[in-house]
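Work through the exercises below with the model open. Try each task before reading its solution.

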Amino acid sequence: MNGIAAAMEVSLDRQIQARLEAVRARIEAAARRAGRPAGAVRLMAVTKTFPRAVVEAALRGGLRLFGENRVQEAVDKYRGLPEPVELHLIGHLQRNKAKAAASTFTCVQSIDKLETALALDRFCRAGGRSMDILLEVNTSGEESKSGFRSEGDLLAALDGIRSETRLTVRGLMTVGPFTREPDPIRRAFVRLRELSERLRGRYPDLPLDTLSMGMSGDFEAAVEEGATLVRLGTALFGSRPAAGEEGMR
Ligand SMILES: *Cc1c(COP(=O)(O)O)cnc(C)c1O
């Protein structure tokens, strides 16, 4: 590595470290306000649209839980890293990507159809592995968002997944409404938590321990409302190119 590249690496590491400390302090404060232990909240680094150098810097900063929106982008970026990581898919999964997803991710958080889960399961079986999944819920009613829209559909899918597959449903995921107003955001998170409490009552045998909610703009409200995993991109790595908002490259 030449001198300039080494200096850039140091500066990237310092920037990420500073943001990481600030984010951790905010998570701790939010957890404290809600009377929750800060250790109950896992921090996921969302690296979509950021280059592999950012993943490597995050690794040096101690992060081990990562999220990507697109299967192929994740395959390319995460091949042969120096440390093992836990990599989750958080963007919509198309059925024709199920095979690559089954061999790339430790968890798919964005299951919103029974058929997608069954496709994923087929390739997990073929590879002799099992996988954790989350069910994505549309808590905002926004048309542009994916996720189950009705509790009935979600329950039907959960029953199919539970009885037919070697996928383990670990909980729920949502993306909060696209607004800066605090009330609708908080209502969406409360809705997800209440739904997860109903599921836990109904399926006491399932390890439903994960509530994935909260992004850079709304993670404190999510932690206050019970998030066990927050997904942060810009708060850790700075802004993405505008076209990258939906994971485009
Ligand atoms: C991009 C993305 C995130 C991270 O968004 P930031 O606002 O950059 O923190 C989290 N979850 C999902 C599903 C995403 O697509």
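Which polar atom of the side chain of Ser 216 has a partner, and where does the backbone nitrogen of Ala 235 lie relative to it? The backbone nitrogen of Ala 235 lies 2.9 Å from a polar atom of the Ser 216 side chain.

**Before you go on**

This is a predicted model: local features need pLDDT of at least 70, side-chain atom pairs count only at pLDDT 80 or more, and totals for chains, interfaces and linings use all residues. Residues are numbered from 1 along each chain as its sequence is written, and side-chain values use heavy atoms, with hydrogens and water left out.

**Exercise 1. Place Ser 216 and list its partners.**

Step 1. Find the element. Ser 216 sits in the loop between strand 7 (210–212) and helix 8 (219–224). Helices (H or I, at least four residues) and strands (E, at least two) are DSSP runs, numbered from the N terminus.

Step 2. Check burial. Ser 216 counts as buried, at 19% relative accessibility. Buried means under 20% relative accessible area, exposed over 50%, and partly exposed in between (1.4 Å probe, protein chains only).

Step 3. Look for polar contacts. The side chains of Ser 216 and Thr 234 make one at 3.1 Å. A polar contact is a pair of N or O atoms within 3.5 Å; within protein, one must be able to donate a hydrogen and the other to accept it, and residues adjacent in sequence count only if both atoms are side-chain atoms.

Step 4. Widen the search. Leaving aside neighbours within four places in sequence, Ser 216 is in contact (heavy atoms within 4.5 Å) with Arg 26, Arg 231, Leu 232, Gly 233, Thr 234 and Ala 235.

**Exercise 2. Describe the surroundings of the ligand.**

Step 1. List the shell. Among the residues around the ligand (a heavy atom within 4 Å of it) are Val 46, Lys 48, Asn 69, Ser 216, Gly 233, Thr 234 and Arg 240.

Step 2. Sort the shell. It divides into 5 nonpolar, 4 polar and 3 charged residues. Here Ala, Val, Leu, Ile, Met, Phe, Trp, Tyr, Cys and Pro count as nonpolar, Asp, Glu, Lys and Arg as charged, and the others, Gly among them, as polar.

Step 3. Find the polar partners. A polar backbone atom of Gly 233 is 2.8 Å from a ligand oxygen. A backbone N or O atom of Thr 234 also lies 2.8 Å from an oxygen atom of the ligand. Arg 240 uses a polar side-chain atom, 2.8 Å from a ligand oxygen.

Step 4. Read the cover. Taken alone, the ligand exposes 390 Å², and the protein buries 90% of that (Shrake-Rupley method, 1.4 Å probe).

**Exercise 3. Analyse three salt bridges.**

Step 1. Start with the count. The structure holds 21 salt bridges (a side-chain nitrogen of Lys or Arg within 4 Å of a carboxyl oxygen of Asp or Glu).

Step 2. Take Lys 77 and Glu 73. Their closest N and O atoms are 2.9 Å apart. The two residues are 4 residues apart in helix 3 (residues 71–78), so about one helical turn separates them. Lys 77 is buried at 8%, and Glu 73 is buried at 3%.

Step 3. Take Asp 121 and Arg 125. Their salt bridge spans 3.0 Å, N to O. Both lie in helix 5 (residues 114–126), 4 residues apart. Asp 121 is buried at 4%, whereas Arg 125 is partly exposed at 41%.

Step 4. Take Glu 197 and Arg 193. The closest N and O atoms are 3.6 Å apart. Helix 7 (residues 182–202) holds both, 4 residues apart. Glu 197 is partly exposed at 43%, and Arg 193 is partly exposed at 23%. Salt bridges that share partners join Arg 33, Arg 186, Arg 193, Glu 197, Glu 224 and Glu 225 into one network.

**Exercise 4. Is helix 3 enclosed or open?** Decide from its buried residues.

Step 1. Count. Of the 8 residues of helix 3, 6 are buried, so the helix is largely enclosed by the rest of the structure.

Step 2. Name them. The buried residues are Val 71, Glu 73, Ala 74, Val 75, Lys 77 and Tyr 78.

Step 3. Find what they pack against. The buried residues of helix 3 pack against helix 2 (52–60), strand 2 (65–68), strand 3 (86–89) and helix 4 (98–104).

Step 4. Look past the end. Gly 80 follows helix 3, and its phi is positive, near 60°.

**Exercise 5. Place Thr 116.**

Step 1. Thr 116 is in helix 5. Step 2. Thr 116 is buried, at 5% relative accessibility. Step 3. Beyond its neighbours within four places in sequence, Thr 116 is in contact with Leu 93, Arg 95 and Ile 111.
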